Amino acid sequence: MEKSSMNLQESHSAYRHLPRTYAACGETEFSVRMAEWVLVRISENRPAESQFHVLDLACGVGAAAEIFALNGYQVTGIDSSEEMLMEARRRTGSSLVEWIKQDMRQLNVAGHADFVTCMYDALNFMTTVDDLSAVFGRVATVLRCGGLFIFDMYTIRGLAETWGSRCEIHTDRADFFVVSQTEWNSEASINTKTLHGFERDGACWRRWIERHVIRAYPMEVIWAALEKNNFHVLDVSEWTGAEARPLRPETTRLLFTSKRL
Ligand SMILES: C[S@@+](CC[C@H](N)C(=O)[O-])C[C@H]1O[C@@H](n2cnc3c(N)ncnc32)[C@H](O)[C@@H]1O
């Protein structure tokens, strides 16, 4: 049997290794569906005369940003992961969307955005109320008055049930194998996902580990942080993955639509 060597690369920053297979594993389906829904909201709020600037926070590999751009909007995609942005550039190019590497807690872009989105539980990566509030504060600074901010977040129940505490195969490909181990801390409403990856590199296997730590908040906490930062909450619904529905006790994902005052 052929022996192959293995190197271990340990990294705690999320989305260093996953971007390579993010789209191939269907992870972009979520934001594609949400972007299509959001497009309807945007067109209702679009000023007829000007070019409409959309900012997609934590844009990942850029699936939603690309859809907005293909529909004629001026789009900026922001993400803190260089690897996600490299994949976004590889998939979409650099002429359609402006890609910026930035931590959304320090969001700073030139000019004003007309509309801001943040999809696929990216705001759950804010593990303190102060961080969540800092993002809302930065969005309030870059979003024009009257502009909409739309985002989804896991509920506490959603994070407890969807991620839970378990070990399972995340990706199973001939050259890329990932095992995911989640640990739910109910006191802190924090879930820590450790991804153990094995990636073929010629005759060698590269082994890596990365951690995703995300936190869920009661709806009222998110709502209060928005109001504190000059947003008026227009609507909170359940996002089913395809459409917005009225909230239920079983809701696992909130969809916030708020307006900059
Ligand atoms: C679950 S992915 C969602 C990506 C994309 N919105 C989508 O729908 O496919 C979470 C994204 O949040 C980004 N992210 C996490 N913390 C961030 C931060 N502080 N600032 C900017 N981006 C961040 C990650 O790099 C990752 O791309």
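**Exercise 1. Work out which parts of the chain the salt bridge between R16 and E83 links, and how exposed its two ends are.**

Step 1: Start with the contact. R16 and E83 meet through their side chains in a salt bridge, 3.7 Å from N to O. The rule here is a side-chain nitrogen of Lys or Arg within 4 Å of a carboxyl oxygen of Asp or Glu. This is a predicted model, so local features need pLDDT of at least 70 and side-chain atom pairs count only at pLDDT 80 or more, while totals for chains, interfaces and linings use all residues. Residues are numbered from 1 along each chain as its sequence is written, and side-chain values use heavy atoms, with hydrogens and water left out.

Step 2: Place both ends. R16 sits in the loop between β1 (6-10) and α1 (19-22), and E83 in helix α4 (residues 82-92), so the pair links distant parts of the chain, 67 residues apart. Helices (H or I, at least four residues) and strands (E, at least two) are DSSP runs, numbered from the N terminus.

Step 3: Check exposure. R16 is partly exposed at 33% relative accessible area, and E83 is partly exposed too, at 27%. Buried means under 20%, exposed over 50%, and partly exposed in between (1.4 Å probe, protein chains only).

**Exercise 2. Find what R105 and D114 pair with.**

Step 1: R105 meets D131 in a salt bridge of 3.0 Å, N to O. R105 is in the loop between β4 (97-101) and β5 (113-118), while D131 belongs to helix α5 (residues 129-142), 26 residues away.

Step 2: Widen the view. D103 joins R105 and D131 in a network of salt bridges.

Step 3: D114 pairs with R144 at 2.9 Å, N to O. D114 lies in strand β5 and R144 in strand β6 (residues 143-154), so this bridge ties together parts 30 residues apart in sequence. D114 counts as buried at 11%, whereas R144 is partly exposed at 24%.

Step 4: For the overall tally, the count comes to 14 salt bridges.

**Exercise 3. Describe how the protein surrounds the ligand.**

Step 1: List the neighbours. There are 18 residues around the ligand (a heavy atom within 4 Å), and Y22, A58, D79, D103 and M104 come nearest.

Step 2: Sort them by class. The shell has 11 nonpolar, 5 polar and 2 charged residues.

Step 3: Look at the polar atoms. A backbone N or O atom of A58 is 2.7 Å from a ligand nitrogen. The side chain of D79 has an N or O atom 2.6 Å from a ligand oxygen. D103 places a polar side-chain atom 3.0 Å from a ligand nitrogen.

Step 4: Gauge the cover. The protein covers 95% of the 590 Å² of accessible area that the ligand has on its own (Shrake-Rupley method, 1.4 Å probe).

**Exercise 4. Identify the residues and elements behind the largest nonpolar core.**

Step 1: This core (buried Ala, Val, Leu, Ile, Met, Phe, Trp, Tyr and Cys residues joined through side-chain atoms within 4.5 Å) has 32 residues. L57, L123, F149, F151 and I222 have the most contacts inside it.

Step 2: Among the elements that each supply at least two residues are β2 (53-57), α7 (219-228) and β13 (253-260). Helix α5 gives the most, with 6 residues.

**Exercise 5. Compare the settings of A58 and D121, two non-glycine residues with positive phi.**

Step 1: A58 has phi near 55 degrees, lies in the loop between β2 and α3 (63-70), and is partly exposed at 22%.

Step 2: D121 has phi of about 50 degrees, lies in the loop between β5 and α5, and counts as buried at 7%.

Note on methods. Polar contact = N/O pair within 3.5 Å; in protein donor to acceptor, adjacent residues only side chain to side chain. Nonpolar A, V, L, I, M, F, W, Y, C, P; charged D, E, K, R; others polar.
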